[in-house]
Structure formats: structure tokens, C-alpha cells
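Student: I would like a close look at a single part of this model, and I would be glad if the answer were then carried outward to the elements around that part.

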Amino acid sequence: MKVKIALLFLVLMCALKSYGSVLTLPTCQFARSLDTEVHFYISKDILDEYSPQFVKAKIDAWIAYSNLTLKNSCIPTTRRVTHVEYVSQIDSSWFQDIAVAERLLINELNRTFPEVNKQGEPIFNAIVFANAFDSYKSLYCGYASSSSFFFTIAINCPDSILEHEIGHLSGASHDIKTLSYYEEFDLDAHRLSTYPPLKNYSLGYICGERGTIMSYEDNHMPVYSSPDIKWNGKECGESDRADNRRVMVEFARQYSKVSLIND
Ligand SMILES: [Zn+2]
């Protein structure tokens, strides 16, 4: 009997725990959404470590995580892969310097990279390396340009990294805990560090023990910060400083007359 009671208690505790861990998402329907292209330029030396099938599966996983995050966050945007190209080895030292990596790629391919397609929809360009750690022991899995739609990304990084970097390119920033890691951090100076300047409400957020996609929390969720999203009843954003959902919706509206039915 004691064993049965102990088992019953265990089952009850598990049920309460799962009941208590709830991600509450906004409900919305898109009347129209912005379709964005993602182009991948892959340093050929990746094939020394990974098969082409693995690389394709990883790209598919990155894109699936992006679309899940956008859908969860009720952002009228989708991502799709429209170009994958293997290029001669780009020195992995430049993984951390996106401006140089972009220049090397342009020189290598000798072509221009328009920021929008014929429909006026954005094209994001990923330069893919084998290992972030190869570049002076980089602590980060990707770097986003502050002046173009290019970013670097390493194949040995989590599925969430692609959307995190495209989030940066769209005007989203980290949570205050991550930003404050650096001493003498100044939020106003940070906002002015990119052009156009970051919006006042462009911070990521940590709600409970979980972070939104622009945070550096180990436990992060496929959502952008928004007071309309809740984790265990705690709001995952603040309307005046941490509403990256709003940042992303406004980015989409710049390129397309996107609209939400419940707007
Ligand atoms: Zn970041």
C-alpha cells in the first residue's frame, strides 16, 4: 500500500509540474504575411566534417525553428530557403568579423547581393562555417551585420541561432541581463549603435526561468519578447522596452502591406 501511495504521489507531482509549465501564446490569423528568402553560402571545408545531407538537414531545422518562432509569436512573416551554394573555403578566422566575411564572399563570387527580390521582399544571406570555436575560440554561434542583411552562422550551433541572427538584422536586441554582462553598459548608447537606431522596445526578455529567442538563457523558447506571451503566467515582455514581436511586425510592414485579421 505504501508503494501505491508513493506512486500516486509521484504521478500527482508530475501532473502538477507539467500543468504548471505553460506557455501561453497570442491567437491571431494572418490576412497576409511577408515571405522572406534566406540564401546560404557555405564554406566548402564544411564537407571535411559533415555530409551534404547533414548540412541540408541542419538548414531545414534552422528554417523550421524560425517559422515556429514567428508563428508562435504571431508575426506575419515566413522564411524559406531559396538558394544554397558551396563556395571556396572562406578563412574561418573571419567568422567573427561579418564585414570582412561579406567582403571575401563578394570578391569570391564577383556578383552583387540585392537586399530585396523582385517582389520587394527581403533576402537574408547566411555565410556558413563549420565551427564557431575555430575563429579565435568564438564564444558566439553567429554574428549579424549592422549595415546589411548578411550574417555568419556555424553549423555546430543550436537550431535557434538562425532566427536569433535574422532577429538582429530586423531590429531585435538581447535581453537586459545579456546586455548588462558588459561593464558600464549604456542602454541609450546601445540603441544608437546600429542604423537605424534600435527601437525603445527592442529588448529580449526572461520570464520565469525561460528566455525569449533573443536572450542567452540556456532555457529559451521559440518566441520573441511580448507582453502578450506568458510563461507560467509571467509576461514575456514589457510594452515600453521589451516587445520584439512589435519590432518584427513593424519590420514586416516596411516591406509588405501585411495585416493581421485581429489588428
Ligand atoms: Zn545576439
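At 1.5 Å a residue, what span should the twelve residues of helix 7 (residues 244–255) have, and how far apart are its end C-alpha atoms?

Tutor: This is a predicted model, in which local features need pLDDT of at least 70 and side-chain atom pairs count only at pLDDT 80 or more, whereas totals for chains, interfaces and linings use all residues. Residue numbers start from 1 along each chain as its sequence is written.

Helix 7 should span 16 Å, and its end C-alpha atoms lie 17 Å apart, which agrees; the expected span is 1.5 Å times one less than the number of residues. Helices here are DSSP runs (H or I, at least four residues), as are strands (E, at least two), and both are numbered from the N terminus. The protein has seven helices and twelve strands.

The buried residues of helix 7 are N244, R245, R246, V247, M248, V249, F251 and A252, where buried requires 20 or more other C-beta atoms within 10 Å of a residue's own, exposed 12 or fewer, and partly exposed a count in between, with C-beta atoms placed from the backbone. In the protein as a whole, 38% of the 263 residues count as buried. Those of helix 7 pack against strand 3 (34–43), strand 4 (77–87), helix 4 and strand 10, so two of these neighbours, helix 4 and strand 10, can be followed further.

Helix 4 (residues 161–169) also packs with helix 2 (residues 52–72), at an angle of about 60° and with the axes 7 Å apart. That makes the two helices oblique, since angles under 35 degrees count as roughly parallel, over 145 as roughly antiparallel, 65 to 115 as roughly perpendicular and the rest as oblique. The axes are lines fitted to C-alpha atoms over the stretch in contact, and the angles run from 0 to 180 degrees between N-to-C directions. From helix 2, W62, Y65, S66 and T69 meet L162, E163 and I166 of helix 4, a contact meaning C-beta atoms, placed from the backbone, within 7 Å. By class, the residues of this contact are four nonpolar, two polar and one charged, with Ala, Val, Leu, Ile, Met, Phe, Trp, Tyr, Cys and Pro as nonpolar, Asp, Glu, Lys and Arg as charged, and the others, Gly among them, as polar.

Strand 10 (residues 226–231) is joined to strand 1 by two bridges, and the two strands run antiparallel; L23 has W231 as its bridge partner in strand 10. Strands are taken to pair if DSSP finds at least two bridges between them. An open sheet of three strands results, in the order 1-10-11, with antiparallel pairing. Strand 1 (23–24) and strand 11 (234–236) stand at its edges with a single partner strand each, so one side of each is left without a neighbour in the sheet.

Strand 4, another of the elements that helix 7 packs against, leads into a loop that runs to helix 3 (98–109) and contains D97. With 14 C-beta neighbours inside 10 Å, D97 counts as partly exposed. D97 is 47 residues from A144 in sequence, yet their C-alpha atoms are 9.3 Å apart in space.

Note on methods
Two residues are in contact if their C-beta atoms, placed from the backbone, lie within 7 Å.
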